[in-house]
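Grab a coffee and work through a few exercises with the structure open beside you. Try each task yourself before you read its solution.

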Amino acid sequence: MGGPDRLALSLGPEQYVRLEVCYGIRPDGTAHHLGLDLREGGADRLTTVISTLDTAAVNFNAVIITPNGWTSAGTNCGPGRIDFRFDDFAGPGGQDFSNISYIIFVFQTGGALTLESIETRRRLPLDLALLRWHPTTPETAKLAVHAGLVRPGRIVFFSGDEHDPGRHFLGRTDLAQIDSTRVYDCTTGVIDRLPSPEVAPGQPPADLFCCGHAQLADGRLLVAGGTESWDRGQPGDPPDPTGHHTNQHFTGLRYTWVFDPQAPQGTNPWIRAADMAKGRWYPSLVTLPDGSCLALSGHPDSNSPEHVNPLVEVFSEKPGPQGHWTTRPGTVSAAYSNYPRLHVMPNGEVFSATPMAGQCKAWDPSADVWRDVAPAPEDPDYGSHKTTSVLLPLLPPRYEPRVLLCGGRQPLLISPQTPGSRWAPTAPRRAIEGSTARKRLDGSAVILPTMDILVCGGFDEGRAMVETEAFDPVDDTWTTLGADGVAKVPRGYHSVALLMPDGRVFTAGSNDRGDWSYHNRPALPEGTPLPPLPRTTGDPGVDNRETRIEIFEPPYIGRPDRPTIAAAPEVISYGATFVVETPDAERIRQVALLRAGSATHAFDGDQRYVGLRYTRTGGQLHVRIPDKPAIAPPGTYLVFLVAQGQDGVAVPSEGRFVTLRPLRIVTTWAPQKRLTDRVTEDRPLMAVTTIGDFSTAVHTLHMVWRGFNEHFFQSRLDNGAWTAPQQVFAAPVSTHSPALGTYLRPGGGLETGLVMAWRGPGEHQGLHWALNPGDGWTAAQDFVGAGSSHRPALAQLGDPHMAWKGIDDDHRIYWSKLLPSGWQPQQVIPGVGTSQPPSLAVFQSRLYLFWKGIDDDNTFWYSWLEPDGTTWHPQNNVAFRDPASGAQMKVGSVMGPSASAWGTRLLLAWRGVADDRNIYFSLFDGEEFSPQIRKTEWGTTQGPTVCSLGDTAHMAWKGALDDATIYWSTMPFVQQAG
């Protein structure tokens with residue numbers, strides 16, 4: 001299976017095309033045995049590459065035939081390279097995928113499609129036999145306890161007092177003793193000295209030893225905490241009223257610094273930022289999807305009574321230059337380990353592989369709540385900072401996360417987003433000196449551009465682990481490298497390892513036996529009183545630091561067939577497609593972003609591998625960035641291309657720096673227009689119909705409203721102007737405006753008609769409905785057994801769905817959906833209630849329900865219909881996070897809100913509370929609501945209605961108080977880098 005078997009087809013723009021490709025069938029119709037092993041974890045893989053697709057997605061189904069039976073499964077896939085997961089297939093029990101005869105692929109699409117290739121292949125292996133260590137001779141002269149990769153290709157490393165109590169003591173008055181910032185040029189190998197942080201006279205020195213750090217969204221490095229005092233106290237230490245030194249605890253600094261790699265030459269690159277609420281020594285920092293940074297754990301400062309900082313703090317770099325910290329609700333356990341291993345999940349949660357009170361937990365930044373994910377691993381080593389964890393490569397289309405724990409005797413895996421997931425052992429490691437159960441305490445793990453996890457350094461009960469291992473996250477297998485993979489320099493406590501832009505691995509640091517750097521720690525019998533800490537620069541002849549740098553060169557370094565990147569953008573954004581120019585486009589098999597790392601104490605919480613979808617056009621790759629920042633938090637990344645080498649192995653390019661920057665959505669509404677030909681005492685409603693096929697579709701925006709005389713009127717938008725109002729029915733219809741939605745016309749493909757629903761006139765509260773397939777409204781029909789004191793809501797998710805409040809004092813919310821046979825019997829949504837009309841909207845293929853509370857409860861709530869089509873998710877408050885205070889701010893109104901999908905967001909709009917008749921709106925990305933925006937120049941009594949036509953949002957509303965005129969405005973969906 002050494003290479004791809006190609007098949008290129010171009011299909012015309014017929015409305016529906018069904019393409020069957022028999023893979024493994026000879027021209028004469030007979031089958032030749034493929035012999036593929038497509039079991040989960042098997043050697044072979046299946047990939048489709050769709051280079052041209054005029055529609056949003058194509059339905060893809062595969063039928064697998066083996067000598068013992070068959071199975072099939074389908075999915076929707078977009079353009080680009082798709083690895084099909086065979087664990088998705090459901091077939092006869094015990095189905096064996098290890099001996100596949102042939103496969104039939106079925107593609108169904110409504111537009112032009114070019115299927116560039118179908119490939120069956122073994123995973124591109126990394127030729128581990130050629131791995132080697134490449135030592136370099138320059139000495140850093142400083143211990144690399146902390147390190148981070150920064151533009152334009154340098155590694156900054158620093159260590160404050162370098163793990164020495166004497167240097168810390170002297171550093172109170174002599175900054176040179178803790179001035180340990182150095183920068184390594186990844187291209188030339190040259191090491192330069194840089195200034196270290198400085199504080200005002202009278203303040204504790206900025207000893208960065210044992211701080212925490214994370215990459216900011218703008219490419220700078222955030223550094224927080226450090227050493228306020230050592231574990232036994234020294235002259236000049238701050239008062240210790242709570243006994244930290246009695247317990248032999250270090251205390252942490254409250255300082256925060258931002259390292260700017262682009263600072264002008266000759267200036268200090270360290271910028272003092274806002275202080276934290278409490279100090280932190282041994283904290284962990286991680287960048288969140290919105291670009292802010294979370295800080296957890298660490299020993300606090302001398303004024304804090306706790307021995308673990310309990311606060312959940314989040315740093316925002318605005319307002320500059322100092323930014324600000326926000327203390328979020330909730331705390332962490334007093335039993336929480338220092339330097340917890342934190343990873344941002346694609347669902348936005350922060351998963352802690354380090355257990356807290358017996359559980360590995362996940363923190364939801366949108367709700368400020370922790371949830372239990374799995375019980376702590378049985379191996380106690382995985383509860384400390386001596387072992388490490390890695391978020392394994394995130395791959396499209398699902399980007400399902402798995403986390404590897406290693407450093408203990410048996411590595412473990414978990415899928416944190418999978419309900420009920422538990423830690424499970426990986427495949428056995430290969431033997432090292434006859435043992436497969438050697439520890440790697442204080443070892444490091446680095447993700448290579450080939451997706452392999454390189455594990456190096458560490459100690460096993462005093463034995464230096466100079467052998468190197470690699471974990472294959474696709475096959476979940478381990479390899480121990482041969483003699484060429486043995487490090488020349490042992491690495492342990494206080495060592496670091498980072499991926500370099502060219503694909504090599506930088507390793508540095510380590511304290512011999514974990515000892516102090518310039519003094520030998522006294523070895524005393526247990527129970528012997530500890531002597532005072534040293535106060536000198538060092539003991540004669542003592543240097544327990546490892547200051548040599550060793551560079552690890554994977555086998556692709558120096559290969560002549562490495563692909564090259566001729567051009568790529570400097571800045572990329574979510575949901576966008578960017579172009580990579582390469583002369584090797586035909587050979588490319590993977591495109592990935594690898595986040596610039598920052599490492600300390602055996603952990604790199606920044607490193608991240610994000611696989612990307614792409615298509616080819618000549619010498620260009622059109623690469624798609626995921627929409628969700630939680631998949632790839634904003635910041636500095638390296639884009640790598642991985643080709644198939646001449647010998648079938650994975651050969652990556654050198655990395656190209658890119659900045660993944662959040663896009664700012666422009667929320668500018670056009671000036672309101674007064675539609676003087678229409679009036680209402682309620683709010684107008686809108687919906688969009690589609691006529692035609694994929695290539696000729698015409699979308700039309702419709703508006704309906706109730707006039708003064710309980711009649712309904714309708715209008716449509718034609719070339720930017722509304723047509724004259726037309727009365728819908730001859731007789732009075734309702735005391736409220738109707739709900740308006742769409743339905744799929746029978747036999748019409750994607751064509752839709754209008755559906756309208758309303759409560760009766762006067763005291764009549766029964767529900768009625770009618771359809772308009774395009775040539776006029778049908779006669780009104782009763783929804784037998786259903787009634788409401790207000791207007792219902794409509795939205796189409798496949799079938800039309802309707803939701804409504806009950807009659808009179810029945811505040812329950814009911815729902816139903818329209819089938820060809822009529823509306824299904826009404827059902828109650830349990831546990832929710834409202835005194836106003838609810839709103840429905842479809843966003844990200846999910847049906848959302850929004851409503852205000854009952855009577856005086858003016859807060860908004862929301863829920864969504866679960867994938868089973870029958871269960872509603874538990875209700876949540878609509879709330880946004882205040883940018884200044886960080887507090888969750890609920891929103892609401894005396895009227896129900898209106899919602900509509902708009903670009904990559906859901907738009908929610910409403911009028912104010914009590915006498916506030918201004919219009920407000922907020923944007924929802926599926927996880928969080930943006931801060932509300934108030935339109936002070938607009939007013940309404942009833943509340944607005946929103947609906948999107950293409951990428952333009954339309955809002956319509958009745959005027960305020962006695963102004964019954966309908967107003968209208970538009971807002972195109974525009975994103976700008978921000």
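The exercises below deal with a predicted model, and each task is followed by a worked solution.

**Exercise 1. Follow strand β49**

Task: Work out which strands pair with β49 (residues 635-644), and in which sense.

Solution:
- Start with β43 (residues 588-595): seven bridges join this strand to β49, and the two run antiparallel. For a landmark, look at leucine 593, which sits opposite valine 639 of β49.
- Next take β51 (residues 656-661), which pairs with β49 through five bridges, again in the antiparallel sense. Here tyrosine 637 has valine 658 in β51 as its bridge partner.
- Then go to β50 (residues 650-652), where three bridges make an antiparallel pairing with β49. Alanine 643 is partnered by valine 651 of β50.
- Now check the turn. The hairpin of β49 and β50 has five residues between its strands, and glycine 648 in this hairpin takes a positive phi near 85°.
- Finish with burial: 10 of the 10 residues in β49 are buried, so the strand is mostly covered.

**Exercise 2. Sort out some salt bridges**

Task: The structure holds 45 salt bridges. For the pair lysine 142 and glutamate 162, find out where each partner lies and why the pair ties together separate parts of the sequence.

Solution:
- Look at the contact itself: the two side chains meet in a salt bridge at 3.4 Å, N to O.
- Place the partners. Lysine 142 is in the loop between β9 (132-139) and β10 (146-150), while glutamate 162 is in the loop between β11 (154-158) and α1, so the bridge links parts 20 residues apart in sequence.
- Check exposure: lysine 142 and glutamate 162 are both buried.

Task: Do the same for aspartate 237 and arginine 172: are these residues buried or partly exposed?

Solution:
- The closest N and O atoms of this salt bridge are 2.0 Å apart.
- Aspartate 237 belongs to the loop between β16 (227-229) and β17 (251-252), and arginine 172 to the loop between α1 and β12, so this pair ties together parts 65 residues apart in sequence.
- With a relative accessibility of 16%, aspartate 237 counts as buried because the cut-off is under 20%. Arginine 172, at 22%, counts as partly exposed.
- While you're in that loop, find threonine 173, between α1 (165-170) and β12 (182-185). Its relative accessible area is 76%, so threonine 173 is exposed. Its C-alpha is 8.1 Å from that of proline 205, though the two are 32 residues apart in sequence.

For a bigger puzzle, trace the salt-bridge network that links Arg409, Glu433, Arg438, Asp460, Glu461, Arg463 and Glu467.

**Exercise 3. Look inside a cavity**

Task: The structure holds nine cavities of 30 Å³ or more. Describe what lines the second largest cavity.

Solution:
- Get the volume first: this cavity holds about 120 Å³ of space.
- Find the lining. There are 15 lining residues, and the closest to the centre are His213, Leu285, Thr600, Phe603 and Gly605.
- Map them to elements: β14 (212-215), β20 (284-287), β44 (598-600) and β45 (603-604) each give two or more residues. β14 gives the most, with three.
- Tally by class: the lining has six nonpolar, six polar and three charged residues.

Terms used
Residues are numbered from 1 along each chain as its sequence is written. This is a predicted model: local features need pLDDT of at least 70, side-chain atom pairs count only at pLDDT 80 or more; totals for chains, interfaces and linings use all residues. Side-chain values use heavy atoms; hydrogens and water are left out. On a 1 Å grid over the protein atoms alone, a cavity is a set of points where a 1.4 Å probe fits but cannot get out, and a pocket is an open set with protein on both sides within 12 Å along at least five of seven lines; lining residues have an atom within 4 Å of a point. Grid points are joined across faces, edges and corners, and a volume is the space filled by probe spheres set on the points. Helices (H or I, at least four residues) and strands (E, at least two) are DSSP runs, numbered from the N terminus. Ala, Val, Leu, Ile, Met, Phe, Trp, Tyr, Cys and Pro count as nonpolar, Asp, Glu, Lys and Arg as charged, and the others, Gly among them, as polar. Buried means under 20% relative accessible area, exposed over 50%, partly exposed in between (1.4 Å probe, protein chains only). A salt bridge is a side-chain nitrogen of Lys or Arg within 4 Å of a carboxyl oxygen of Asp or Glu. Two strands pair if DSSP finds at least two bridges between them.
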